[in-house]
Amino acid sequence: MKPMDMQSNIQKTDLLSLLPEDIILQITEMGYPEYRGEQLVNWLARGVRDFSEMQNLPKKMREDLSEHFTLFRPQVMRKQESKIDGTVKFLWQLADGNSIETVVMSYRYGNTVCISSQVGCRQGCAFCASTIGGLVRNLTAGEMLDEVLFSEIESAKKINHIVLMGIGEPLDNFNSVVQFLKLVNHKKGMNIGYRHISLSTCGITERFHDLALLDIPITLSVSLHAPDDETRDRIMPANHGRGINELMKACNEYFQMTGRRISFEYAMIRGVNDSEKHAELLAQRAKEVGAHVNLIPLNHVDERNLTATSDRVIHAFKDKLEEEHVNVTIRRKLGSDIEASCGQLRRNTIRETHNQS
Ligand code: SAH
């Protein structure tokens, strides 16, 4: 093999998915002093994604870096800002041409970013736009970190909270998600506290124990959406073969191990999960595990033949839960003028591109 071919075959390391201490270690192993690693970490934390721009590093080192490591800056394909509430939504293009969404929402207590954890999703929930084309691939830890960092830079809004509630099922991408949590929490990175991070899952119960063992004090949100197997089986394939009893057991164990209360997400779908009987059963489930319930008016998705429960019924449902002494909130709808619910922008862009070709 010619030297050139050998070079192109070198497996490059994904620099952004490494913890700062591991970057520094690799730099010293390459024969450079530790402070050079620190300088590199500083550039990365500031969002520099091109070795040639790292001007305080020697030229030879920058060349060495590009030989060993990959680095990429996600490109803004679309940016939409809500005129109603300032919600900003980004569609990013990744290095391989795939696209993902990130949403920045402003609340009284600061700005929250909602990030994607996968390109697409394999879970097949009946009401969700993200899953329509299936799973394309997992995101790397570095790609998730860049969703947060570049959302902050491009929206000029300081990010205080993170929710993993965008495209994808985070527990189907467990290792990269955990590495992302460590990266975004790192003192030499964005330094966002674990208590300011929520991870939402459709109920991949096999992973709850692993997550609890990590002792990372994030909030676990469970997308329940139905309190009985008959209804949940209809709208969430993830319920098949697991079932609500197993889910409740896993929630309880998580609570026992971490002392952290779980929250239940409950998207209200007209005629599907919004009856009085559902409210009664949901109250029982919530009390079983001491969960907080978040009621969400269903966001309309073109491809899905489901409608949102009316505000009147949502409020009656909430009253019923409160009568049962359940801690419950109705999630404020943000960015309704910019298709802010997960997967919609990516979906519509794929559809438009498809129609054009
Ligand atoms: N896969 C994870 C996280 C991504 S979805 C999960 O299932 O939790 C984030 C939240 O949005 C989940 O609670 C999901 O059920 C909900 N969701 C998806 N589509 C929705 C829609 N059309 N309207 C309201 N909520 C929706």
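# Exercises on a predicted model

Strand 11 (residues 219-223) and strand 12 run parallel and are joined by 3 bridges. The structure is a predicted model, and the exercises below start from this pair of strands and work outwards.

## Exercise 1: The neighbours of strand 12

Find the bridge partners that place strand 12 beside strand 11 and strand 13, and name the unit that strand 12 forms with strand 13.

*Solution.* Start on the side of strand 11: serine 221 has serine 263 of strand 12 as its bridge partner. Now turn to strand 13 (residues 292-297), which runs parallel to strand 12 and is joined to it by 6 bridges. There, alanine 267 is partnered with isoleucine 296 of strand 13. Finally, follow the chain from one strand to the other: strand 12, helix 10 (residues 276-289) and strand 13 form a right-handed β-α-β unit.

## Exercise 2: Burial along strand 12

Work out which way each side chain of strand 12 points, and decide whether the strand is enclosed or open.

*Solution.* Begin with the general pattern: side chains in a regular strand alternate between the two faces of the sheet. Sort the residues accordingly: Ser263, Glu265 and Ala267 point one way, while Phe264, Tyr266 and Met268 point the other way. Next, check burial, where the cut-off is under 20% relative accessible area. Both sets turn out to be buried. Because 6 of the 6 residues of strand 12 (residues 263-268) are buried, the strand is largely enclosed by the rest of the structure.

## Exercise 3: A hairpin

Describe how strand 3 and strand 4 pair, and pick out the glycine with a positive phi in their hairpin.

*Solution.* Take the pairing to begin with: strand 3 (residues 75-81) and strand 4 (residues 88-93) are antiparallel and share 6 bridges. Glutamate 81 sits opposite valine 88 of strand 4. Then look at the connection, which has 6 residues between the strands; here glycine 86 adopts a positive phi near 80°.

## Exercise 4: Two positive phi values outside glycine

Locate asparagine 191 and histidine 325, and compare their backbone angles and exposure.

*Solution.* Keep the background in mind: most residues other than glycine have a negative phi. Asparagine 191 has a positive phi, near 55°, and lies in the loop between helix 6 (174-185) and strand 10 (197-201). Its relative accessible area is 43%, so asparagine 191 is partly exposed. Histidine 325 also has a positive phi, near 65°, and belongs to the loop between helix 11 (311-323) and strand 14 (328-330). With the cut-off for exposed set at over 50%, histidine 325 is exposed because its relative accessibility is 71%.

## Exercise 5: The second largest pocket

Characterise the second largest pocket by its volume and its lining.

*Solution.* The volume comes to about 200 Å³. For the lining, go through the residues, among them Asp14, Thr70, Phe72, Leu94, Glu143 and Asp146. Classify them: the lining holds 6 nonpolar, 3 polar and 3 charged residues. Last, ask which element gives the largest share: helix 5 (residues 141-155) does, with 3 residues.

## Exercise 6: The whole chain

Decide whether the overall dimensions agree with those of a compact globule.

*Solution.* List the elements: the chain has 12 helices and 14 strands. Its C-alpha atoms fill a box of roughly 70 × 50 × 45 Å along the principal axes. A compact globule of 357 residues would have a radius of gyration near 21 Å, and the chain has 22 Å, so the two agree. To finish, add burial: 54% of the 357 residues are buried.

Notes:
Residues numbered from 1 in each chain as written. Heavy atoms only, no water. 1 Å grid on protein atoms, 1.4 Å probe; cavity = no way out; pocket = protein on both sides within 12 Å on 5 of 7 lines; lining within 4 Å. Points joined across faces, edges and corners; volume = space filled by probe spheres on them. Helix = DSSP H or I, 4+ residues; strand = E, 2+ residues; numbered from the N terminus. Nonpolar A, V, L, I, M, F, W, Y, C, P; charged D, E, K, R; others polar. Buried < 20%, exposed > 50% of the residue type's maximum accessible area, 1.4 Å probe, protein only. Pairing = 2+ DSSP bridges. Right-handed = clockwise from strand over helix to strand, strands pointing away. Rg over C-alpha atoms; globule rule 2.2 N^0.38 Å.
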